[in-house]
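Student: I should like to work through this model by question and answer, beginning with its backbone. Please show me the sequence and structure.

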Amino acid sequence: MAEYNSRSFASGASGRRGMGGMRTPVPYREGPLAYEPAVFCRCDRKAPRWISWSDDNSGRRYFRCIAARTINDCGFYVWIDGEHTPFLKNLLLDLRDAVWNLRNENAQLKQLNQQGTGDAVCNLRRKNAQLKQMNEELQRSNEVMEAGMKAKIKELEDKDAALAAIATMFRSGSSCSSFSWVWVGAGFLCGVCFGLMFGAM
Ligand SMILES: [Zn+2]
């Protein structure tokens, strides 16, 4: 039996276990105006049908002025369902709170997950910047080493050329001396032969 109730708007919770103001724990199966026959409020407009999730009236449906909580609110407020038994009241409140707790935990986990992802991205960016710096330093030291190597190679080539020149000088000098020694040896042998021949005669 419908019953007019002049108390404040009952949608949402009044603060049981510190979770007031949270939205409905289960979605409505049909829109607040998708019912028939229509019930009209004092301003002659179809009144939406809601489900209360307050501590005192969880699970009870009611009609309320469509302009509720605005300056045009005519104050129309009619309960559709009677009061539940204490057992059903507590059961509905426990289920409501379980849904709200899970939503809270889910939101916290999502936040933590986003923070974790953000931290990981920051770490990767920092690592990337460090690697870039290291790469630049390596490139610089590589250039310095390459320049040193080129100078060393040039020095070795110069030394090699100088040694080759000295070796050529030595080679030509020794062949000349061996050549003159051959002539000296031959002259000596000829002298000995002539001496022997004239001595024998
Ligand atoms: Zn109204």
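Student: Is Asp-44 buried or exposed?
Tutor: The model is a predicted one, and Asp-44 is found in the loop between β1 and β2. A residue counts as exposed if 12 or fewer other C-beta atoms lie within 10 Å of its own. Because Asp-44 has 7 C-beta neighbours inside 10 Å, its class is exposed.

Student: What is the phi of Asp-44?
Tutor: Most residues other than glycine have a negative phi. Asp-44 is not a glycine, yet its phi is positive, at about 65 degrees.

Student: Which class, buried or exposed, applies to Arg-69?
Tutor: Arg-69 lies in the loop between β3 and β4 (77-79). Its phi is positive, near 65 degrees, in a residue other than glycine. Since Arg-69 has 11 C-beta neighbours inside 10 Å, it counts as exposed.

Student: Which residues does the cis peptide bond at Pro-37 join?
Tutor: Most peptide bonds are trans. Pro-37 is found in the loop between β1 (3-4) and β2. The cis bond, with an omega of about -5 degrees, joins Glu-36 and Pro-37.

Student: Which strands each supply at least two residues of the largest nonpolar core?
Tutor: Nonpolar side chains tend to be buried together in soluble globular proteins. The largest nonpolar core here has nine residues: Cys-41, Ala-47, Trp-50, Ile-51, Trp-53, Tyr-62, Phe-63, Cys-65 and Tyr-77. The strands that each supply at least two residues of this core are β2 (49-51) and β3 (61-64).

Student: Which residues does Cys-41 touch, not counting those up to four places away in sequence?
Tutor: Cys-41 belongs to the largest nonpolar core, as do Ala-47 and Cys-65. With residues up to four places away in sequence left out, Cys-41 touches Ala-47, Cys-65, Ile-66, Cys-74 and Phe-76.

Student: In what pattern do the helix and strands follow one another along the sequence?
Tutor: The protein chain has one helix and four strands. Read along the sequence, they give the pattern β-β-β-β-α.

Student: What percentage of the residues in the protein chain is buried?
Tutor: Of the contacts in the protein chain with a separation of 6 or more, 51% are between residues 24 or more positions apart. Among the 201 residues of the protein chain, the buried share is 9%.

Student: Over which residues does pLDDT stay under 50?
Tutor: The protein chain averages a pLDDT of 82, and 75% of the residues score at least 70. The stretch where pLDDT stays under 50 has 41 contacts beyond four places in sequence in the model, and this stretch is residues 1-20.

Note on methods
Residues are numbered from 1 along each chain as its sequence is written. This is a predicted model: local features need pLDDT of at least 70, side-chain atom pairs count only at pLDDT 80 or more; totals for chains, interfaces and linings use all residues. A nonpolar core is a set of buried Ala, Val, Leu, Ile, Met, Phe, Trp, Tyr and Cys residues joined through C-beta atoms within 7 Å. A residue is buried if 20 or more other C-beta atoms lie within 10 Å of its own, exposed if 12 or fewer, and partly exposed in between; C-beta atoms are placed from the backbone. Two residues are in contact if their C-beta atoms, placed from the backbone, lie within 7 Å. pLDDT is the predictor's confidence in each residue, from 0 to 100.
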